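Work through the following exercises with the sequence and the model open side by side. Try each task before reading its solution.

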Amino acid sequence: KTIDTEIVIIGAGGAGMTAAIMLKQAGKDFVILEKMPYVGGNTTKATGGMNASETHYQKEQGIEDSNALFAADTMKGGHALNDSALVAMMANSSAGAIDWLDTIGAELPKISFSGGASVNRIHAPEDGSGVGAYLVDRFSAKLNELGVKVMLETAATELLADADGKITGVKAEGPDAIYTINTKAVILASGGFGANEEMYTTYRPDLKGTVTTNAPGATGDGIVMAQALGADLVDIEQIQLHPTVEQTTSILITESVRGDGAILVNQSGERFTNELLTRDAVSAAELAQEGSYAYIIFDQKLRDNLKAIEKYVKSGITVQADTIEGLAEQLAIAPATLAKTLADWNEIVKNQRDTQFGRTTGMKEDLTTPPYYAIRIAPGIHHTMGGVKINVAAEVINTEGAAIPGLFAAGEVCGGVHGGNRLGGNAVADIVIFGRIAAESAMAYIGE
Ligand code: ADP
């Protein structure tokens, strides 16, 4: 089948849906393709919030912040590998993105602290729901209201260009047809490649066999298709591991469990790291243990204080016992060793001094309230920081340093924004801000 349209959006995650709303509101003619039977991608899984600075919510709540500080924090978090122009663009556009979300009924008024930020900057929904699921829900409702239909189960397979390298079309495969879509511009919003083991082990052979927390559609198609047209890639080997992922279900155990006082022990029943180092460091420490896994240990008091834990207990991934020795037996750990580790830890909490590993945070409460709990965890692939190279106008850049005419990209498919390490709250900022920019640039391009 042949379709003629002005713009094609590939992928209906956060970035693609943002661009689609922008295009429709401007009355443009476009199609949006999604290879899965549902929208949302990895965006649905985002639990934290969206980083943004100088927002009206911050001002109303008396929080002093600046775009320069947001940019500086992001560069520092990314080990300064980030593209500083993209980072500045993200920070400077963030308050405007929050205002835009307000206009489409996707308010994020609840502000709190997130790792790597100098001030309270992460914006979340009022009702405490996960930011990703909330935004995907609001974006879907808005697209419905505007009469936009996402072409589901339809995967883009190839980008077409003329002899000058100018975009002319997209090939796609749907459930009942193969499509040739003639178009002037393409917005790549197809996400990262954290669910494509063959692809990530090509760039990172050390990650072979690592489980993933990613949605199944995160297979890197957009990166491969853009590369075929000469697109340059940046930081492609920068892959973020999350240190606490249950391996049989891929359930991610939120950082808050350690933040509220849990510890990690190895199969010998001993602590082996400051549990609250950055994600990459804790993951590396786990991989250095025998069997490359660990247990996260907490008590009833911690369970009572953290809503997220109910979900873990319900899903059957926790082991529990009325005594530490009983817990150790179930984990095949020597009971006396685990008991000593817990006693030592409780002494550390009492003295507020971790003489073993220098931990200084998440040690307000000791672990003394039975029953005791354990979840076996290991690192899992969480976010692919690298991807296609873009400039501040979301134009895809080729290996010669020139923009590929008609090709735009936003979201996890791109590299450069997050450098060597993405801060929590910056993935959502990335998709909304660059999703909007990609839509604006594509519209300006077809208008020329
Ligand atoms: P982001 O919001 O950062 O762009 P997401 O992972 O949330 O990333 O969204 C990307 C979406 O793109 C997912 O829903 C994924 O299934 C979809 N996708 C990936 N590859 C293709 C493809 N070849 N054709 C159409 N959709 C795709």
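In what follows, helices (H or I, at least four residues) and strands (E, at least two) are DSSP runs, numbered from the N terminus. The model is a predicted one.

**Exercise 1. Find the loop that holds Pro 371, and describe the peptide bond that leads into Pro 371 from Pro 370.**

Solution. Begin with the flanking elements, which are α13 (335-351) and β17 (372-384), and look in the loop between them, where Pro 371 is found. Next, inspect the bond from Pro 370 to Pro 371, which is cis, with omega near 0°. For background, most peptide bonds are trans, and most residues other than glycine have a negative phi. The second half of that background leads to Glu 153, which is not a glycine and yet has a positive phi of about 50°. Glu 153 lies in the loop between α5 (131-146) and β7 (155-161).

**Exercise 2. Work out the strand order of the sheet that contains β10, and find the helices that pack on this sheet.**

Solution. Trace the 5 strands of this open sheet in the order β3-β2-β10-β20-β19, noting that the pairing is mixed. The edges are β3 (30-33) and β19 (395-397), each of which pairs on one side only. Neighbouring strands of the sheet are turned by 35° against each other on average, if direction is ignored. Now take one pair in detail: β2 (residues 7-10) and β3 are joined in the parallel sense over 4 bridges, and Ile 10 has Leu 33 in β3 as its bridge partner. Finally, add the helices: α1 (residues 14-25) lies across β2, β3 and β10 (185-188) and runs at about 165° to β3, while α14 touches β2, β10 and β20 (403-409), its direction making about 145° with that of β20.

**Exercise 3. Decide how α4 and α14 are oriented to each other, and describe the residues of their contact.**

Solution. The axes of α4 (residues 84-103) and α14 (residues 426-447) come within 8 Å and cross at roughly 85°. Angles of 65 to 115 degrees count as roughly perpendicular, and α4 and α14 are therefore roughly perpendicular to each other. On the α4 side, the contact includes Leu 86, Met 89 and Trp 100, and on the α14 side it includes Val 432, Phe 434 and Arg 436. Sorted by type, the residues of this contact divide into 11 nonpolar, 4 polar and 2 charged.

**Exercise 4. Describe the sheet that contains β6.**

Solution. Here 3 strands form an open sheet in the order β4-β6-β5, with antiparallel pairing. The edge strands are β4 (50-51) and β5 (110-112). Between β5 and β6 (residues 122-124) there are 3 bridges, and one bridge partner to locate is Ala 124 in β6, which faces Lys 110 in this pairing.

**Exercise 5. Which residues come nearest to the ligand, and which polar atoms lie beside its nitrogen and oxygen atoms?**

Solution. Of the 25 residues around the ligand, Glu 34, Asn 42, Thr 43, Asp 221 and Glu 412 come nearest. For Asp 221, an N or O atom in the side chain is 2.8 Å from a nitrogen atom of the ligand. Backbone atoms also take part: a polar backbone atom of Lys 35 is 3.1 Å from a nitrogen atom of the ligand, and a backbone N or O atom of Gly 41 lies 3.4 Å from an oxygen atom of the ligand.

Terms used
Residues are numbered from 1 along each chain as its sequence is written. This is a predicted model: local features need pLDDT of at least 70, side-chain atom pairs count only at pLDDT 80 or more; totals for chains, interfaces and linings use all residues. Side-chain values use heavy atoms; hydrogens and water are left out. Axes are lines fitted to C-alpha atoms, for helices over the stretch in contact, and angles run from 0 to 180 degrees between N-to-C directions. Angles under 35 degrees count as roughly parallel, over 145 as roughly antiparallel, 65 to 115 as roughly perpendicular and the rest as oblique. Contact means heavy atoms within 4.5 Å. Ala, Val, Leu, Ile, Met, Phe, Trp, Tyr, Cys and Pro count as nonpolar, Asp, Glu, Lys and Arg as charged, and the others, Gly among them, as polar. Two strands pair if DSSP finds at least two bridges between them. A residue is near a molecule or strand if one of its heavy atoms lies within 4 Å of it. A polar contact is a pair of N or O atoms within 3.5 Å; within protein, one must be able to donate a hydrogen and the other to accept it, and residues adjacent in sequence count only if both atoms are side-chain atoms.
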